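Dear colleague,

I am handing over the structure below, and I would be glad if you could keep it open while you read the notes that follow.

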Amino acid sequence: ASIGAPCWWKAAGLSGRQKQSCAGHESWNNKRDERRFATIQGKASPPMKIILPILLLFIVLAVMSAHVNLPGTDEAWFASPALNLITKGNFGTSVLDPTAAFRTNNLTGINQHTYWIVPLYPLVQAAWYLVVGFGLMQLRYLSAVWGLVAMWAWYRILMKVCGDRRVATLALGLMAVDFTMVLAGSWGRMD
């Protein structure tokens with residue numbers, strides 16, 4: 001018996017070709033369960049031999065891109081609250097002038113409190129800076145790490161949705177070389 005989802009064709013009482021299709025579905029589920037059992041028993045999973053180089057390729061591309069991209073003003077804006085939290089004890093964005101009118105927004109107090117972005121990313125940045133130090137490349141490397149997390153999350157989502165490692169691995173490979181994904185992984189922003 002398959003541990004996977006029950007075959008609804010069988011429950012519907014269909015016959016002929018549809019039953020054969022159902023038998024193929026059960027066979028596919030059994031093979032998937034055998035792969036899961038082999039992984040649980042500690043046998044090396046062949047897809048990991050493919051997944052790890054894909055993730056390594058993404059890191060190499062993101063790091064190379066991080067070293068050739070010019071610094072952006074947004075990177076300073078996003079780095080400032082975390083640095084101020086570490087050095088001054090406040091969560092201000094000191095690189096923005098509080099007396100300036102930015103798009104007709106009042107920036108009073110922005111050098112003491114950051115209220116233009118949600119606080120989780122700068123808090124993670126502050127912890128990251130305590131471990132690896134502060135700098136442009138450190139900021140960009142954090143984005144590369146989050147890029148890995150995003151790719152792994154998409155891999156797991158695709159495994160849950162379609163259940164086929166080949167599809168999930170192919171999608172992971174395409175994401176690893178995607179321009180937008182590599183650029184986001186090499187830019188010091190939360191997105």
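**Helix 4 and the second largest pocket**

In helix 4, the buried residues are Glu75, Phe78, Ala79, Ser80, Pro81, Ala82 and Asn84, and please bear in mind throughout that this is a predicted model. These buried residues of helix 4 pack against helix 5 and helix 6.

The length of helix 4 can be checked from its ends: it comprises the 15 residues 73-87, which at 1.5 Å a residue should span 21 Å, and because its end C-alpha atoms are 21 Å apart, the two values agree. Helix 4 nevertheless has a bend of about 30° at serine 80, with a proline, proline 81, following within four residues. Just after helix 4 comes glycine 89, which takes a positive phi of about 80°.

The other item concerns the second largest pocket, whose volume is about 250 Å³. This pocket is lined by 14 residues, of which Trp146, Gly147, Arg189, Met190 and Asp191 are the closest to its centre. At least two lining residues come from each of helix 5 (120-132), helix 6 (136-162) and helix 8 (179-184), and helix 6 gives the most, with four residues. As for the character of the lining of this second largest pocket, nine of its residues are nonpolar, three are polar and two are charged.

If you look at both places in turn, you will meet helix 5 and helix 6 twice, since the buried residues of helix 4 pack against them and they also supply residues to the lining of the second largest pocket.

With best wishes

Key. Residues are numbered from 1 along each chain as its sequence is written. This is a predicted model: local features need pLDDT of at least 70, side-chain atom pairs count only at pLDDT 80 or more; totals for chains, interfaces and linings use all residues. Side-chain values use heavy atoms; hydrogens and water are left out. On a 1 Å grid over the protein atoms alone, a cavity is a set of points where a 1.4 Å probe fits but cannot get out, and a pocket is an open set with protein on both sides within 12 Å along at least five of seven lines; lining residues have an atom within 4 Å of a point. Grid points are joined across faces, edges and corners, and a volume is the space filled by probe spheres set on the points. Ala, Val, Leu, Ile, Met, Phe, Trp, Tyr, Cys and Pro count as nonpolar, Asp, Glu, Lys and Arg as charged, and the others, Gly among them, as polar. The expected span of a helix is 1.5 Å times one less than its number of residues. The bend at a residue is the angle between axes fitted to the seven residues ending there and the seven starting there. Buried means under 20% relative accessible area, exposed over 50%, partly exposed in between (1.4 Å probe, protein chains only). Contact means heavy atoms within 4.5 Å.
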